[in-house]
Amino acid sequence: MATITVDSVNRRAGRIVFVPEPAAAPDGVPNSREAHRALWLSSAGASMLLLDAPTHTPRADEVVVRARAIAVNPIDAMGGIARRVVLPWLTYPAVIGSDVAGEIVAVGSSVSGLNVGDRVVGYAVGIERSRNSAEGAFQTHVVLLARLVSRLPETIPFADACVLPMGVTTAAAGLFEHDQLALELPVACATPRHQSVLVFGGATSVGMNAIQLAHGAGYSVLATASRSNFELLERLGASVVVDYHDPDVVEQIIHHLSGQQLAGTIAVASGSLRQAIAVNASPTVVGTRRVASAHPTPVTRMRAVLARRQKIRVSAIWGGNPKDTPVGPAVWNDFLPDALASGTYSTSPSAVIVGHGLEAVPQALDRLRQGARAQKFVVTL
Ligand SMILES: NC(=O)c1ccc[n+]([C@@H]2O[C@H](COP(=O)([O-])OP(=O)(O)OC[C@H]3O[C@@H](n4cnc5c(N)ncnc54)[C@H](OP(=O)(O)O)[C@@H]3O)[C@@H](O)[C@H]2O)c1
């Protein structure tokens, strides 16, 4: 069998090459004979290479999951230059990917409430600062922080569940972190708070989870989306949905907010931050005047400077932050397991299965680059 080098693979841009065992690994890529395969990036702009990876023993607060379904996110679909700018700390060879669902195969010594064999979904932190390749989702065996894992009921297929992690964690960061909107956390039976939360981009993956989490915390939710998604977002818990294509979208939202206290605004969809600030700038809107933005940090910072003059505080969300704060376990361990089991939390957006096996991930990334409409591209393993 011919040996395939990283260089020869990189020349075939966008291609992925299945390397059978035994295989020559690029410098620094561990290449054992364990039945554990990973999609390796040898540099920020390289094509992904399917190679062996070592299966790790979990540290005290971790679990190892045999991945059964993974989903792709915009951050995975970036080109090399963007990856270098957004994730400057990433060391190569790297395994990226954040969304995974599967079965636990090993449990760390201090983990409670999770056991070998449990069906779970969790947020993989491999792309975060100071984390490592064992924690990227694009591999057969993924190390997960137990505090970012939820048990899954038998009724939810892995392919449906894996759409959650990035959406849930980013929405939770924006809504609940102290330096963001600092809202109250969701609970099983929330008492209505008579305060509103605005979600700009309700049909995005992050937005659908923001709607459900804010609703689960007792807030009344007002969202923006295309008309075709109104019914879907109302089912998720939005009490009012406004079409962002309407030229008077800002005025409509201000009208709907009349007489209500605005607890916070989350701007997810690209282009929506300007609208979010315009609503908060209205003298008739009463509330915290805080906007959490999922837009790229430089865009958010620029808008934040301008918004400060109108006494509006705009902050940039980093979806991975809940891994180090009480928000992560509050949502993943305390809220989601029961909410998923009782059916009060839905796995949204809907999963579109692009293929089976890690070799289908580049295809899923291509689909995402063409645009997602209230859907998430998934690969089963
Ligand atoms: N900062 C972070 O840590 C972080 C983490 C995750 C994602 N993000 C960013 O968040 C954004 C959303 O990502 P995602 O994966 O959740 O999105 P997505 O699922 O790809 O979003 C697709 C949806 O966006 C909606 N949309 C597009 N333009 C809109 C607008 N102007 N107003 C309202 N809705 C609009 C469309 O809704 P309709 O179908 O209703 O038209 C479409 O269905 C991306 O820019 C991503 O990079 C940031």
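These are my notebook entries on a few spots I looked up in this structure, which is a predicted model.

**Entry 1: the annotated domain**

I began with the record. UniProt, in an unreviewed entry, lists residues 45-379 as "domain: Enoyl reductase (ER)". I then checked the secondary structure over that stretch and got 29% helix and 25% strand. The C-alpha atoms at the two ends of residues 45-379 sit 22 Å apart.

**Entry 2: strand E7**

Next I pulled up E7, residues 141-145. How many of its five residues are buried? Five of the five are, so I noted the strand as mostly covered, taking buried as under 20% relative accessible area. I split the strand by face as well. One side carries His141, Val143 and Leu145, and the other carries Val142 and Leu144. Both faces are covered.

Then I looked for a pairing partner. E4, which spans residues 62-71, pairs with E7 in the antiparallel sense, and I logged five bridges. For a pair to click on, I picked Val63, which stands opposite Leu144 of E7.

**Entry 3: Ser133, on the way into E7**

Ser133 belongs to the loop that runs between strand E6 (119-123) and E7. Is Ser133 buried or partly exposed? Its relative accessibility is 22%, and buried would need under 20%, so Ser133 goes down as partly exposed. Skipping neighbours within four places in sequence, I found Ser133 in contact with Trp40, Pro93, Ala94, Val95 and Gln139. I also took one long-range distance: Ser133 and Ala339 are 206 residues apart in sequence, and their C-alpha atoms are 31 Å apart in space.

**Entry 4: Leu90**

Leu90 is in another loop, the one between helix H2 (80-86) and strand E5 (99-107). Its relative accessible area is 10%, under the 20% cut-off, so I marked Leu90 as buried. With neighbours within four places left out, the contacts of Leu90 are Arg83, Ile96, Gly126 and Ile127. From Leu90 to Glu128 I count 38 residues along the sequence but 7.6 Å in space, C-alpha to C-alpha.

**Entry 5: strands E9 and E10**

I moved on to E10, residues 220-225, and found five of its six residues buried. E10 pairs with E9 (residues 195-200) in the parallel sense, over four bridges. One bridge I wrote down joins Val197 to Val221 in E10.

**Entry 6: Asp243**

Asp243 is part of strand E11, residues 238-243. Why did I log Asp243 as buried? Because its relative accessible area is 7%, and anything under 20% counts as buried. Which side chain does the side chain of Asp243 make a polar contact with? It is that of Arg227, at 2.8 Å. Past its neighbours within four places in sequence, Asp243 has contacts with Ala225, Ser226, Arg227, Phe230 and Val249.

**Entry 7: the ligand**

Ser226 turned up again when I turned to the ligand. I got 23 residues surrounding the ligand, and the closest are Ser226, Asn229, Tyr244, Gly319 and Arg373. A polar side-chain atom of Ser226 comes to 2.5 Å from an oxygen atom of the ligand. The protein covers 81% of the 940 Å² of accessible area that the ligand has on its own.

I noted two backbone approaches too. Ser205 has a backbone N or O atom 2.9 Å from a ligand oxygen atom. For Val206, a backbone N or O atom is likewise 2.9 Å from an oxygen atom of the ligand.

Notes. Residues are numbered from 1 along each chain as its sequence is written. This is a predicted model: local features need pLDDT of at least 70, side-chain atom pairs count only at pLDDT 80 or more; totals for chains, interfaces and linings use all residues. Side-chain values use heavy atoms; hydrogens and water are left out. UniProt positions are given in the numbering used here, feature names are shortened, and annotations may be inferred rather than shown by experiment. Buried means under 20% relative accessible area, exposed over 50%, partly exposed in between (1.4 Å probe, protein chains only). Two strands pair if DSSP finds at least two bridges between them. A polar contact is a pair of N or O atoms within 3.5 Å; within protein, one must be able to donate a hydrogen and the other to accept it, and residues adjacent in sequence count only if both atoms are side-chain atoms. Contact means heavy atoms within 4.5 Å. A residue is near a molecule or strand if one of its heavy atoms lies within 4 Å of it. Accessible areas come from the Shrake-Rupley method with a 1.4 Å probe; for residues, only the protein chains shown count as cover.
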